[in-house]
Structure formats: C-alpha cells, structure tokens
Amino acid sequence: MEQIGKKDYINEKIPVSKLTILGFQHVLVMYSAAVIVPIILANALQLSNLDLAFLISADLFTCGIATFLQSFGIGRFIGIKLPVVLGCAVITLGPMISIGKTGGMTVLYGAILLSSVLVFACSFFINKIIRFFPPIVIGSLVTIIGFSLVPLALQDMAGGIGSENFGDPINYLVAIFVLIIILLINRFCKGFAKSIAILVGLILGTIFASFFGMVDLSHLNDADWFKLIHPLHFGAPEFTFNSVVVMSIFLVISVAESVGIFYMIADICEVKITPKDIANGIRAEGCAQFLGGLFNSFPYVTFSENAGLMTVTGVRNRFVLVAAAIILVILGLVPKFAMLTTLIPHPVLGGAMICLFGTIGANGIKILSSVDFKKNENIIIVACSIGIGLGTTVTPGLFNEMPEILKMLLENGIFTGTVTAIILNTLFNYSEIFKTK
C-alpha cells in the first residue's frame with residue numbers, strides 16, 4: 001500500500017475515548033443494514049422470535065470479528081488494513097432464502113461454510129476475475145440487487161405475507177410515516193444525523209406503530225442479558241451439491257463488489273492499493289464467510305455506507321473501525337439487545353426498506369453513469385441484463401420445469417442479470433477485457 005497524500009490518515013493516533021465514540025458512530029450507521037438481512041431471512045423462513053434474536057446476536061458478533069480481521073489484519077497475509085466494515089451481503093439474501101426453504105438451516109450453513117473456501121481461493125487470482133466486472137457489469141448488478149428486493153419491501157408494507165391484517169390501510173399509514181421520516185431527515189439534516197436516517201425511521205416508526213397495537217413487548221422477557229454465541233446452533237451443517245454451487249456463484253459476485261469498494265475507500269484515504277492488498281482483503285472476507293457459517297451468521301461483504309460516513313466526518317482511521325468491531329462483538333453477546341429488533345412491525349420495516357432498496361438501485365444507476373452510452377452496444381448490455389434480471393424476479397414460476405439446481409439459479413434475478421451482463425460485455429467489449437498492458 002502506497003501513501004499518495006500528505007498525511008497518514010489510516011494509522012493516525014487518536015485517544016481511546018475518541019476512538020470509542022467514533023467507533024460507536026460507525027456501528028449506528030451500519031446497524032440498520034446489518035440487522036435487516038437476518039430479519040428478512042427469518043421472516044421468509046418463518047423462524048421464531050427467539051431464533052431471530054439469536055440470528056441478530058450471532059450476526060453482530062461475527063460482524064465484529066470480520067471487521068477486526070479486515071481493518072486490523074493478521075500479519076501480512078489476511079486483511080486489507082483499511083478502515084473497512086464488513087456486514088451481511090445483501091446479494092446472497094435471495095439464494096439464502098431459497099436454500100433455507102428447500103433444505104433448512106443446516107443445509108444453508110453447510111453451503112456458506114464450503115463456499116467460503118472458494119472465496120479464499122479467489123484471492124490468489126483476483127486480477128483475472130475482476131476484469132470481467134467493469135462498471136457496466138457492476139452497475140447493472142447493483143441496480144438489479146436494489147430493485148429486485150423492492151417487492152419484499154412492498155409485502156412488508158402491507159403487513160407481511162400470511163398476516164391476518166395483510167393490506168390493512170393502517171399498515172400503509174405506518175409504512176408511509178416511516179418513509180416520510182427518512183425523507184425529511186435526508187432533506188433537512190446533515191452529517192451524522194443524515195447518515196442514520198433509516199435507524200431513526202425504524203425507531204420512530206416502531207413507537208408510532210405501538211399506538212395501533214402492533215408492538216408486542218412480551219418477548220423481551222424471553223431473552224437473556226448475556227449469552228455466548230455457540231457454533232452450530234441449528235445443528236451440524238449438511239452439504240448438498242446444488243446449494244454449495246449456488247452460494248459459491250453469488251459469493252464470487254460479492255467479491256467483485258468488495259473490490260470496487262476497496263478502491264473507493266483507498267481513494268478516500270489517499271492511498272494506492274496494490275493487487276497484494278486486494279488479495280489480503282479477499283482472504284479476510286473468505287475467513288469471515290467461514291466464521292459466518294460456523295457461528296450461524298451470514299456471508300459478509302464490505303459496506304459502502306461506512307465509506308460514506310468517512311467522507312462526511314473526515315475521520316479515516318482504521319483503528320476507529322477496530323473499536324467498532326469490539327463494540328459489535330459486545331453487542332452480540334447481549335441477546336436482550338438483539339430481541340429489541342424483533343419488536344419492529346412489518347409495515348415499519350417495509351417503509352424503511354423501500355428507501356434502502358431503492359437507494360441501492362439508484363447507486364447502481366450512479367455507477368452506470370460512468371459508462372460510455374454513446375456506444376450502442378453498452379445500451380444493449382444494460383437493457384438486456386437489467387430487463388432479464390428484474391423480469392425473472394417479478395415473474396414467478398418461469399423455471400418450475402427446470403432441474404432443481406438450475407431452478408434455484410435461474411429464478412434469482414440477480415444471478416440471471418449478472419450472468420447476462422458478463423456474457424454480453426465479453427461479447428461486445430472483448431478487446432477491452434483481454435487487452436495486454
């Protein structure tokens with residue numbers, strides 16, 4: 001890693017008291033995005049509130065360890081040693097739900113464990129992989145990720161699939177209230193307050209929903225104040241060929257997403273990263289995926305939200321993220337804190353997720369803005385990849401007659417859209433991908 005700015009922001013010495021405050025700020029920024037994945041997964045798989053609370057605790061605990069591995073590093077081999085936060089990979093949400101519904105939690109964690117080996121292996125030839133993920137592919141991928149998840153938000157706005165009051169106007173009132181709160185904060189607030197708009201929306205929305213009898217506090221008594229995160233909570237992992245292949249494919253795509261964010265964070269910190277630094281970062285993510293499978297958590301990816309916070313605050317110190325990692329581990333050991341999150345009603349989540357998923361899609365469009373659309377071929381690539389990706393998502397039953405492994409892959413719009421983008425980009429921009437330097 002080469003410093004190109006006048007100041008070493010990454011290793012700047014900051015008092016422990018300030019590190020703690022700044023670290024907690026990063027936790028607040030990433031918290032809502034971190035807990036939404038286990039909440040959506042638990043709702044989709046109809047897990048109990050106790051299981052949901054455990055998933056959130058395990059997620060926070062493993063997020064902390066993963067962030068420590070990436071920011072602090074282990075020797076010269078693991079960790080990019082930039083101010084990086086690792087959190088749940090949204091891109092894997094679709095396949096996780098599909099695998100969980102088909103084989104249960106033990107098969108899901110078996111897939112995460114084995115596919116982590118592939119992620120680790122990717123670090124040794126990352127340059128050959130990343131050439132297939134230029135901005136036109138990454139932008140299409142991120143756009144599809146965001147907009148393909150919007151139907152989940154709409155279902156929650158209506159009260160959640162299967163709920164007795166699905167479609168009740170009160171549900172929409174609560175969801176719109178949350179959305180308005182988030183929009184007002186983004187319009188009139190700046191800096192830190194603006195960065196936690198979704199978290200504030202969730203809190204105020206839950207309070208507002210409580211006036212309509214949507215919040216049940218009785219479950220809080222079921223959670224402990226302190227509990228260790230035991231590995232293999234749902235049982236010994238089971239390994240099936242289909243689930244491992246599907247999860248591996250999506251994790252390779254998440255690797256490309258992380259590399260893009262590595263470059264963005266390096267630019268913010270005024271350093272130039274080398275292929276070796278990127279390889280170290282991918283190895284840390286491989287270790288994080290393995291820990292996710294072991295501790296019944298999730299696959300992890302670098303969070304772009306926290307990179308935005310560094311831009312706003314000007315604090316670009318990796319030890320701030322080490323402090324955040326320690327705070328996350330501590331929070332993961334307090335189940336009662338995790339149980340608080342299970343109190344959030346579906347309409348509240350729906351209102352927040354509309355904004356969150358829409359923002360992800362909009363960021364994809366932002367990435368695509370750097371693409372040369374004067375070339376008609378690039379318009380075709382984006383049109384076909386996003387069209388196929390979103391079309392697959394909103395049209396159920398298209399691949400019911402396919403073999404199970406193909407069905408699991410093809411019914412996921414993120415997969416179909418990304419593969420389409422890669423194939424078409426290779427076809428139309430072959431010379432740019434394989435040009436010699």
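**Exercise 1.** Over the ring of which residue does the charged end of R283 sit?

*Solution.* The structure is a predicted model. In this model, the charged end of R283 lies over the ring of F77, at 3.9 Å from its centre. A charge counts as sitting over a ring only if the distance is within 6 Å and the position is within 35 degrees of the ring normal.

**Exercise 2.** Determine whether the length of helix α2 agrees with the expected span.

*Solution.* Step 1: helix α2 covers residues 49–71, which are 23 residues. Step 2: the expected span is 1.5 Å times one less than the number of residues, so α2 should span 33 Å. Step 3: the end C-alpha atoms of α2 are 33 Å apart, which agrees.

**Exercise 3.** Describe the surroundings of α2.

*Solution.* Step 1: of the 23 residues of α2, 18 are buried, and the helix is thus mostly covered. Step 2: at the N-terminal end, S48 acts as a cap, with a side-chain oxygen 3.1 Å from the backbone nitrogen of D51. Step 3: after α2 comes G73, which has a positive phi near 80°.

**Exercise 4.** Classify the aromatic pair of F72 and F319.

*Solution.* Step 1: the structure holds 10 aromatic pairs. Step 2: the ring centres of F72 and F319 are 6.4 Å apart, and the planes form an angle of 65°. Step 3: angles over 60 degrees count as edge-to-face, therefore this pair is edge-to-face. Step 4: F72 belongs to the loop between α2 and β2, whereas F319 belongs to helix α14, 247 residues apart. Step 5: F72 is partly exposed, at 37% relative accessible area, and F319 is also partly exposed, at 26%.

Methods:
Residues are numbered from 1 along each chain as its sequence is written. This is a predicted model: local features need pLDDT of at least 70, side-chain atom pairs count only at pLDDT 80 or more; totals for chains, interfaces and linings use all residues. Side-chain values use heavy atoms; hydrogens and water are left out. Helices (H or I, at least four residues) and strands (E, at least two) are DSSP runs, numbered from the N terminus. Buried means under 20% relative accessible area, exposed over 50%, partly exposed in between (1.4 Å probe, protein chains only). A polar contact is a pair of N or O atoms within 3.5 Å; within protein, one must be able to donate a hydrogen and the other to accept it, and residues adjacent in sequence count only if both atoms are side-chain atoms. Rings of Phe, Tyr and Trp (its six-membered ring) pair if their centres lie within 6.5 Å; planes under 30 degrees apart count as stacked, over 60 as edge-to-face and the rest as tilted.
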